[in-house]
Amino acid sequence: MRFSTLIFIGLLGALAAALLLGSSHTYAAQDREHVSDSGSRSYLAGTDELGRDRAVRTAAALLLGLTGACVASALASSLSLLLGSVAALSASWLGRLLLYCGDLFLTLPWIFLLMLVRSALPLTLPPVQSGVVTFLLLAALGAPSFLRLTHERVSRLDKQDWRLHAHAMGLKKSQSGSQLLSHLWPIFWIQFLLYVPACIIAEANLGTLGLGIAEPVPSWGNMVTGLQAAALTSTSHLVYLPVVTLVLVLVALELTIFGAKQ
Amino acid sequence: MRILLRLIRVLSLVILSVIGTSLLMYMAPGYFTDAREMDAAHAVSERRDLQALEQQQHSSTALLRSELMQWAHGDLGTSRQYGSSVTSLVRERVAQSTHLLVLGSLLGWSLALFFAVLFSLRSSPFADATVAITTALLLALPIGVLATVCLLTNTAGPVSVLACFIAARDLKLLHRLLSTAWLAPYVLHARAQGSPVFTILRVHLWTAHKREFLSVAVMSFTLALSALVPVEVIFDVPGLGHLAWSAAMNRDLPVLVAVTGLLSVCIGVASSFLPLQRSIEVG
């Protein structure tokens, strides 16, 4: 199941890329003569309240959301592995301090942290930079989630016979890092898979509060925010295309995680 | 000793939140500006007030000192946006948020428990698939998207949306817990002897798994606190979440610090009852 859902997500991404490259409209181009249109030959999924191609914007949001979430998840997992390893292999007081800080961080209200940092940024921040900052924030906030798990695994690995044998034969601790890394790969993969949908959901929630990626760059968040106006002025059900696509991607990711757990 | 450690943890959390919030807002561009400077009727007085504020809070240390001194005297400050006492603003809105949280949580827990018992009692591939598909669909919807769709289609209000959000997360955990619990030998024996389902639940399952049930309830309460902001903003409920969002958008530091501190205390107290830290879930 895991590979079939990954293939499905890959196909969605390929379709989105093909739509973006093949369409004559860009995601920011406005056609004021076709505002809030339902589907037609020129605009497959209709247009939004500014006359922008909805299908192209949904495709761009899908690619941006998936890419950003994958990068943020990879960074968060790497940071978590690094901090967990430092906590496990360094002095006990440092390890306890890192774990305590991680636990404290986890009990902070996340949505407030994201809101605060995002609203503290300049209003003139370019859209691409706001997207990069948003996903970097999510990466930083995701690292403490898996800190304890990584710490426990590294602590257990450190006490394995093969590691003790290697040290007895003269191998320095710093040299056995690559040996540890190969055993930590399954944890990295699980953390990565678990955090990708969380990043997508977090970005969508931030966007509905007006604190996500700035316009005109399309993202799940600002497309859902635009839904409020579009659904009232348009009679077509195609206005819900971004929501349907988002749900499909997230369900596929959930099934991938389910398959990985099995 | 354990209680003391938990109190220290909650206090550390509140102090960390207050300091972090204050520094972040202070360093944000536009802290010593106000939109009323562009209003000819209020420009002069507004600039005078902002200059006085800038002299009082000339550095981050001075800012933190003035904030903490005010809090020590029980004064949460004055809202820059509304011009009224932060205490009165918070007091007016606590009731709305508490009402939404309590009703949403109770409804969510009830729905989750009802369906978890129903589907775990008559375990079958159909029941497992129904639970998996329903929870996957509801979990796949960000709370902001769920609230927006419900608002537009006029199908549910803020309480129902919060209840669905909580029920989706609790149903998965409770179904897994109860599916295993129903297969315990003493439970099977009680069922074979003809004991009613409710009696088995009350006498056997609740007693044996009280800790897990309470952990699920506490965890969903902390999630509901995070979900409060998008729900109140989208449904325009005048609660603490809406106040915090408005304060973040308008850089109203005293309100933001007060609301963040209050919610940090709630989450810290609730989380201190959890045996293990929950994994990330935003919104």
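In which helix of chain B is the place of B:L118? B:L118 belongs to helix α4 of chain B, residues 86–121, where helices (H or I, at least four residues) and strands (E, at least two) are DSSP runs numbered from the N terminus. The model is a predicted one, in which local features need pLDDT of at least 70 and side-chain atom pairs count only at pLDDT 80 or more, while totals for chains, interfaces and linings use all residues. Residues are numbered from 1 along each chain as its sequence is written, chains are lettered from A and ligands numbered from 1 in the order in which they are written, and side-chain values use heavy atoms, with hydrogens and water left out.

B:L118 has a relative accessible area of 42% and is therefore partly exposed; the classes are buried under 20% relative accessible area, exposed over 50% and partly exposed in between, with a 1.4 Å probe and protein chains only. From the C-alpha atom of B:L118 to that of B:L101, 17 residues away along the chain, the separation is 25 Å.

Turning to the chains as wholes, chain A holds 10 helices and 0 strands, and chain B holds 12 helices and 0 strands. Along the principal axes, a box of roughly 75 × 40 × 25 Å is filled by the C-alpha atoms of chain A. Of the 262 residues in chain A, 51% are buried; for the 283 residues of chain B the figure is 47%. Contact here means heavy atoms within 4.5 Å. Among the contacts of chain A between residues at least 6 apart in sequence, 71% link residues at least 24 apart. In chain B, 74% of the contacts with a separation of 6 or more come from residues 24 or more positions apart.

A helix pair in chain A can be followed in some detail. Helix α2 (residues 54–89) of chain A packs against helix α5 (residues 127–142) of chain A at an angle of about 35 degrees, and their axes are 8 Å apart. These axes are lines fitted to C-alpha atoms, for helices over the stretch in contact, and the angles run from 0 to 180 degrees between N-to-C directions. The crossing of α2(A) past α5(A) is right-handed, meaning that the near helix is turned clockwise from the far one by less than a right angle. On the α2(A) side, the meeting residues are A:L64, A:G65, A:G68, A:A69, A:A72, A:L75 and A:A76, and they face A:F135, A:L136, A:A139 and A:G142 of α5(A). By class, this contact comprises 8 nonpolar, 3 polar and no charged residues. Ala, Val, Leu, Ile, Met, Phe, Trp, Tyr, Cys and Pro count as nonpolar, Asp, Glu, Lys and Arg as charged, and the others, Gly among them, as polar.

Helix α5(A) also agrees with its expected span: at 1.5 Å a residue, its 16 residues should cover 22 Å, and its end C-alpha atoms lie 23 Å apart. The expected span is 1.5 Å times one less than the number of residues. Buried residues of α5(A) include A:F135, A:A139 and A:G142.

A:L64 of α2(A) is also touched by A:S219, along with A:A61, A:E203 and A:I213, not counting residues up to four places away in sequence. A:S219 sits in the loop between α8 and α9 (220–233) of chain A and is buried, with a relative accessible area of 2%.

A nonpolar core is a set of buried Ala, Val, Leu, Ile, Met, Phe, Trp, Tyr and Cys residues joined through side-chain atoms within 4.5 Å. The largest has 91 residues, of which A:F112, A:M115, A:I200, A:L209, B:V161, B:V229 and B:V259 touch the most other members. Helix α8 (residues 177–208) of chain A gives the most to this core, 11 residues. Beyond its neighbours within four places in sequence, A:F112 contacts B:V229, B:A244, B:V259, B:T260 and B:L263. Another core, of 22 residues, lies apart and has B:A167, B:L171, B:L177 and B:I200 among its members.

Finally, two loop residues of chain B deserve a look. Most residues other than glycine have a negative phi. B:N154, however, has a positive phi near 55 degrees, and it lies in the loop between α6 (143–153) and α7 (158–181) of chain B. With 71% relative accessibility, B:N154 is exposed. B:D236 likewise has a positive phi near 55 degrees and is placed in the loop between α10 (210–235) and α11 (240–250) of chain B. B:D236 is exposed at a relative accessible area of 56%.
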